[in-house]
Amino acid sequence: MKKFLAAIVVFLISACSVQPEQSFKGKQYQLLNAQNDSQVILNFAADEPRYYGKIVNNYFGSYELDGSKIKFGPAGSTMMMGPEPLMEAEQNFLRILPRITAFRFQEKTLILITDNGQELAFEEVGPAAE
């Protein structure tokens with residue numbers, strides 16, 4: 001009986017220490033320290049592996065997950081003009097997106113990691129915009 005109770009206690013302690021798995025699905029993020037003081041918004045659809053957002057133009061695409069690895073597919077975008085510093089920030093972000101290979105969370109901050117170790121930190125700002 002003591003072994004049985006001990007097993008239950010161990011199970012309860014381990015169950016209480018398990019952290020819920022974090023997910024970015026259905027959430028909206030904003031890039032911290034974005035180039036040229038731009039506002040880089042990144043949304044993840046709740047029900048399918050799709051991302052979308054806006055800098056100057058709306059952009060969109062799909063992604064694949066494998067554990068903590070992520071691969072962003074090519075981004076499509078609208079073709080509007082904006083101020084040169086924001087256009088430069090947008091072009092650079094869209095060039096980095098396909099080089100992202102992994103992600104992790106630091107509390108409510110989503111960290112996207114490129115193939116050369118560069119980290120992009122995104123603050124969760126709410127549910128994904130429709």
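User: Which residue forms a salt bridge with K27?
Analyst: This is a predicted model. In it, the closest N and O atoms of the K27 pair are 3.8 Å apart. That falls within the 4 Å allowed for a salt bridge. The partner of K27 is E124.

User: How many residues apart in sequence are the parts that K27 and E124 tie together?
Analyst: K27 lies in strand β1, residues 27-31. E124 lies in strand β9, residues 119-127. The pair therefore ties together parts whose separation in sequence is 97 residues.

User: Is K27 buried, partly exposed or exposed?
Analyst: The relative accessible area of K27 is 24%. Buried means under 20%, and exposed means over 50%. K27 is therefore in between, and its class is partly exposed.

User: What is the relative accessibility of E124?
Analyst: E124 is the salt-bridge partner of K27. E124 counts as partly exposed. Its relative accessibility is 22%.

User: How many salt bridges does the structure hold?
Analyst: Side chains of opposite charge can pair when their charged atoms come close. K27 with E124 is one such pair here. E48 with R50 is another. The structure's total of salt bridges is 4.

User: What is the N to O distance in the salt bridge of E48 and R50?
Analyst: E48 is partly exposed, at 37% relative accessibility. R50 is partly exposed too, with a relative accessible area of 32%. Their side chains meet in a salt bridge, with an N to O distance of 3.2 Å.

User: How far apart in space are E48 and K25, C-alpha to C-alpha?
Analyst: E48 lies in the loop between β2 and β3. E48 and K25 are 23 residues apart in sequence. In space, C-alpha to C-alpha, their distance is 8.4 Å.

User: Which residue forms a salt bridge with D115?
Analyst: The closest N and O atoms of this pair are 3.0 Å apart. D115 is in the loop between β8 (109-114) and β9. The partner is in the loop between α2 (84-96) and β7 (100-106), 16 residues away in sequence. That partner is R99.

User: Are the rings of F103 and F105 stacked or edge-to-face?
Analyst: The ring centres of F103 and F105 are 6.1 Å apart. Their planes stand at 85 degrees. Planes over 60 degrees apart meet the cut-off, so the pair is edge-to-face.

User: How many aromatic pairs does the structure hold?
Analyst: One aromatic cluster includes F24, Y29, F44, F103, F105 and F122. F103, one of its members, is buried at 13% relative accessible area. The structure's count of aromatic pairs is 12.

User: Which side chain makes a polar contact with the side chain of N57?
Analyst: N57 sits in the loop between β3 (50-54) and β4 (58-66). N57 is buried, with a relative accessible area of 2%. Beyond four places in sequence, its contacts include M79, M80, M87 and E90. The polar contact, at 2.9 Å, is with T78.

User: Which residues touch the most other members of the largest nonpolar core?
Analyst: This core has 22 residues. Elements giving it two or more residues include β1, β4, α2 and β9. F122 touches Y29, L42 and F93, among others more than four places away in sequence. The residues that touch the most other members are F44, F72, L112 and F122.

User: What span should the 13 residues of α2 have?
Analyst: The expected span uses 1.5 Å a residue. The end C-alpha atoms of α2 are 18 Å apart, which agrees with the expected 18 Å.

User: Which elements do the buried residues of α2 pack against?
Analyst: In α2, the buried residues are M87, A89, E90, F93 and I96. They pack against β4, β7, β8 and β9.

User: What pattern does the protein follow along the sequence?
Analyst: The protein has 2 helices and 9 strands. Read along the sequence, the pattern is α-β-β-β-β-β-β-α-β-β-β.

User: What percentage of the protein's residues is buried?
Analyst: The protein has 130 residues. Among contacts between residues at least 6 apart in sequence, 43% join residues at least 24 apart. The buried share of the residues is 33%.

Terms used:
Residues are numbered from 1 along each chain as its sequence is written. This is a predicted model: local features need pLDDT of at least 70, side-chain atom pairs count only at pLDDT 80 or more; totals for chains, interfaces and linings use all residues. Side-chain values use heavy atoms; hydrogens and water are left out. Helices (H or I, at least four residues) and strands (E, at least two) are DSSP runs, numbered from the N terminus. Buried means under 20% relative accessible area, exposed over 50%, partly exposed in between (1.4 Å probe, protein chains only). Rings of Phe, Tyr and Trp (its six-membered ring) pair if their centres lie within 6.5 Å; planes under 30 degrees apart count as stacked, over 60 as edge-to-face and the rest as tilted. A polar contact is a pair of N or O atoms within 3.5 Å; within protein, one must be able to donate a hydrogen and the other to accept it, and residues adjacent in sequence count only if both atoms are side-chain atoms. Contact means heavy atoms within 4.5 Å. A nonpolar core is a set of buried Ala, Val, Leu, Ile, Met, Phe, Trp, Tyr and Cys residues joined through side-chain atoms within 4.5 Å. The expected span of a helix is 1.5 Å times one less than its number of residues.
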